[in-house]
Amino acid sequence: NATVSVSYNGGETWAGTSLGGDFSGARLNAVVYGGGDFYIVGNGGRRAYSNTPANGSSWARYVSNSRNINTYPNEKDDPGYPFFGNNLTKVTYGTYGGSPGIAVVFDEWGGRRIALAAHTNFSSKTWDADLDAGAFGTNAIRGIAFGGGNFVAAGQSSMIGFWPSANPGDTANRYWRALPFHEFQYWEITALAALNGRFFAGHIGGKIGYSR
């Protein structure tokens, strides 16, 4: 029901607030903190951010409509760009093109599209959303994280891919490199996080792996 819960005492007590409006009844799928703001993504192209999450009215909220090719032949002119009403499943905060940025995973094409932006404003349409995440094949992306100058994604069939985020203008390298993590025996990676230059992955078979 698009409710955000906040704790100020280490999780002992929680206070919930509803985002309401066109978020009412919607499912929220992921949250991340960065640069003083909290970022949330959810179903139906919904995304929101706030620096005071306990205040429901403080959230700047956006919803992307489905693609309207008749009115907007150029997709980047369409107000729904780049998400077009698809479910947004993961979000992370990092550095892209030398500036604070965000990356969002959404479920078009079986959950393997990724949009990155050298900004932290969900209302902006300046996204690199045509990135080729096809290296994941039909394997859905279940996690995304930023560390060591790269965005890293992971998901089904133990696929792990990374994006060299320092230079988004380098079109010769504008693709995700993805390889199966053999130690996980091709099962699904369900969680991914970064800390102190390392990436940590959680596996549906109960395994945990980390990069060196």
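**Close-up views of a predicted model**

**Figure 1. Strands 4 and 5 sit side by side in an open sheet.** In this predicted model, strand 4 (residues 37-42) and strand 5 (residues 46-50) pair in the antiparallel sense, with 4 bridges between them. For a handy landmark, look for Tyr-39, whose bridge partner in strand 5 is Tyr-49. Zoom out a little and these strands turn out to belong to an open sheet of 4 strands, in the order 3-4-5-6, with antiparallel pairing. Strand 3 (28-34) and strand 6 take the edges, each pairing on one side only. On average, neighbouring strands of this sheet are turned by 15 degrees against each other, direction ignored.

**Figure 2. Nonpolar residues gather in the largest core.** In soluble globular proteins, nonpolar side chains tend to be buried together. Here the largest nonpolar core has 18 residues, and Val-41, Phe-83, Val-91, Val-104, Phe-122 and Trp-127 touch the most other members. Several strands chip in: strand 3, strand 4, strand 7, strand 8 (99-106) and strand 9 (113-117) each supply at least two residues of this core. Strand 8 gives the largest share, 3 residues. There is also a second, separate core of 15 residues, with Ala-103, Val-105, Phe-136 and Trp-176 among its members.

**Figure 3. Phe-122 and its contacts.** Which residues does Phe-122 contact, leaving aside its neighbours within four places in sequence? The list includes Tyr-39, Ile-40 and Val-41, along with Arg-47, Ala-48 and Tyr-49. Phe-122 is also in contact with Tyr-62, Val-91, Ile-102, Val-104 and Trp-127. Two names here may ring a bell: Tyr-39 and Tyr-49 are the bridge partners from the first view.

**Figure 4. Arg-67 and Asp-78 form a salt bridge.** Side chains of opposite charge can pair when their charged atoms come close. A search of the whole structure turns up 2 salt bridges. One of them joins Arg-67 to Asp-78, with the closest N and O atoms 3.3 Å apart. Both partners are in the loop between strand 6 (60-63) and strand 7 (88-96), 11 residues apart. Is each partner buried or partly exposed? Asp-78 counts as buried, at 2% relative accessibility, while Arg-67 is partly exposed, with a relative accessible area of 30%.

**Figure 5. Glu-188 and Arg-142 form a salt bridge.** In this pair, the closest N and O atoms are 2.8 Å apart. Glu-188 lies in the loop between strand 13 (177-180) and strand 14 (189-195), and Arg-142 is in strand 10 (residues 141-147), so the salt bridge ties together parts that are 46 residues apart in sequence. Arg-142 is partly exposed, with a relative accessible area of 31%.

**Figure 6. Gly-94 is a buried residue in strand 7.** Gly-94 is found in strand 7 and counts as buried because its relative accessibility is 5%, below the 20% cut-off. Beyond residues up to four places away in sequence, Gly-94 touches Ser-99, Pro-100, Gly-101, Phe-146 and Phe-151. As for Ile-114, its C-alpha is 14 Å from that of Gly-94, and the two residues are 20 apart in sequence.

**Figure 7. Strands 14 and 15 form a hairpin.** Strand 14 and strand 15 (residues 198-203) pair in the antiparallel sense over 6 bridges. Just 2 residues come between these strands, and Asn-196 in the turn has a positive phi of about 50 degrees. Follow strand 14 to Leu-195 and you'll find it opposite Arg-198 in strand 15.

Terms used. Residues numbered from 1 in each chain as written. Predicted model: local features only at pLDDT ≥ 70, side-chain atom pairs only at ≥ 80, totals over all residues. Heavy atoms only, no water. Salt bridge = Lys/Arg side-chain N within 4 Å of Asp/Glu carboxyl O. Buried < 20%, exposed > 50% of the residue type's maximum accessible area, 1.4 Å probe, protein only. Contact = heavy atoms within 4.5 Å. Pairing = 2+ DSSP bridges. Axes fitted to C-alpha atoms, helices over the stretch in contact; angles between N-to-C directions. Core = buried A, V, L, I, M, F, W, Y, C linked by side-chain atoms within 4.5 Å.
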